[in-house]
Each structure stands twice: as C-alpha cells, then as structure tokens.
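Take a look at the model below. This report follows one strand and then turns to a pocket.

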Amino acid sequence: MFQTTDIKHIDKLTIALEPIDSKALMMRAATTVYSFIKERFPMTDVIIAAGPGNNGGDGYAAASICLSLGASVTIFALDGSLKGDALT
C-alpha cells in the first residue's frame with residue numbers, strides 16, 4: 001500500500017516522464033480498475049469506494065466506465081472533497 005504523498009509523487013513523476021496529462025492518467029487508472037473488476041467479478045452490481053482528490057477521481061471515472069457498459073453502480077464517497085481534475 002502507498003501513502004497519499006507517495007501516490008502524488010508517483011503521479012507527478014509519471015506526468016513529467018511520459019507524454020500524459022493528469023486527466024489521461026486518471027482515465028488510465030480507471031480503465032485498469034475496470035479491467036480488474038471485470039476479470040474477477042460479474043459486471044452487474046458494482047460498488048466503488050472513492051476517496052478525495054484525483055485518486056477519488058479515478059474511482060469515479062471507473063464507475064463511469066462500468067455504468068456506460070450496463071452495470072449498476074454505487075459509489076461511496078469517503079470524503080466529499082474532490083479537487084483538481086477529479087472534478088471534471
């Protein structure tokens with residue numbers, strides 16, 4: 001498990017070293033989460049716990065992908081303070 005400060009640092013390094021912006025990185029994470037869920041669980045009822053900031057945005061983006069593919073999605077917002085690109 002990584003601490004929030006570690007994830008922020010990893011995200012900044014990834015954005016600096018790859019030709020990717022924050023929103024695209026968020027969608028990459030969301031697609032990975034979606035693939036993980038799809039491979040292990042039936043895609044009928046999906047529950048996602050999303051924290052604050054861009055990491056919470058990853059959860060919301062994954063929920064959006066699942067929803068667009070026909071799953072019933074419930075999101076538990078662990079902290080309602082989304083910020084930055086997570087708001088878009």
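## A strand and a pocket

Ile-48 sits in strand β1, which covers residues 45-50. Keep in mind that this is a predicted model.

Is Ile-48 buried or exposed? Its relative accessibility is 9%. Buried means under 20%, so Ile-48 counts as buried.

What does Ile-48 touch, beyond its neighbours within four places in sequence? Its contacts are Gly-59, Ala-62, Ala-63, Thr-74, Ile-75 and Phe-76. Take Thr-74, one of these contacts. Thr-74 lies 26 residues from Ile-48 along the chain, yet their C-alpha atoms are separated by 6.3 Å.

Now consider Ile-47. This residue is also placed in strand β1. Its relative accessible area is 61%. Exposed means over 50%, so Ile-47 is exposed.

The table sets out the two residues.

| Residue | Relative accessible area | State |
|---|---|---|
| Ile-47 | 61% | exposed |
| Ile-48 | 9% | buried |

Ile-47 also helps to make a nonpolar surface patch, together with Phe-76 and Leu-78. The patch has an area of about 360 Å². Phe-76 therefore appears twice: it is in contact with Ile-48, and it is part of this patch with Ile-47.

Next comes the pocket. The largest pocket holds about 600 Å³ of space. It is lined by 21 residues. The closest to its centre are Ile-7, Lys-8, Asp-11, Asn-54 and Asn-55.

Which elements each supply at least two residues of the lining? They are α1 (4-17), α2 (22-40) and α3 (53-68). The largest share, 6 residues, comes from α1.

Key
Residues numbered from 1 in each chain as written. Predicted model: local features only at pLDDT ≥ 70, side-chain atom pairs only at ≥ 80, totals over all residues. Heavy atoms only, no water. Helix = DSSP H or I, 4+ residues; strand = E, 2+ residues; numbered from the N terminus. Buried < 20%, exposed > 50% of the residue type's maximum accessible area, 1.4 Å probe, protein only. Contact = heavy atoms within 4.5 Å. Patch = residues over 30% accessible without salt bridge, like charges linked within 9 Å, V, L, I, M, F, W, Y side chains within 5 Å. Areas by Shrake-Rupley, 256 points an atom, 1.4 Å probe, with all protein chains shown as cover. Salt bridge = Lys/Arg side-chain N within 4 Å of Asp/Glu carboxyl O. 1 Å grid on protein atoms, 1.4 Å probe; cavity = no way out; pocket = protein on both sides within 12 Å on 5 of 7 lines; lining within 4 Å. Points joined across faces, edges and corners; volume = space filled by probe spheres on them.
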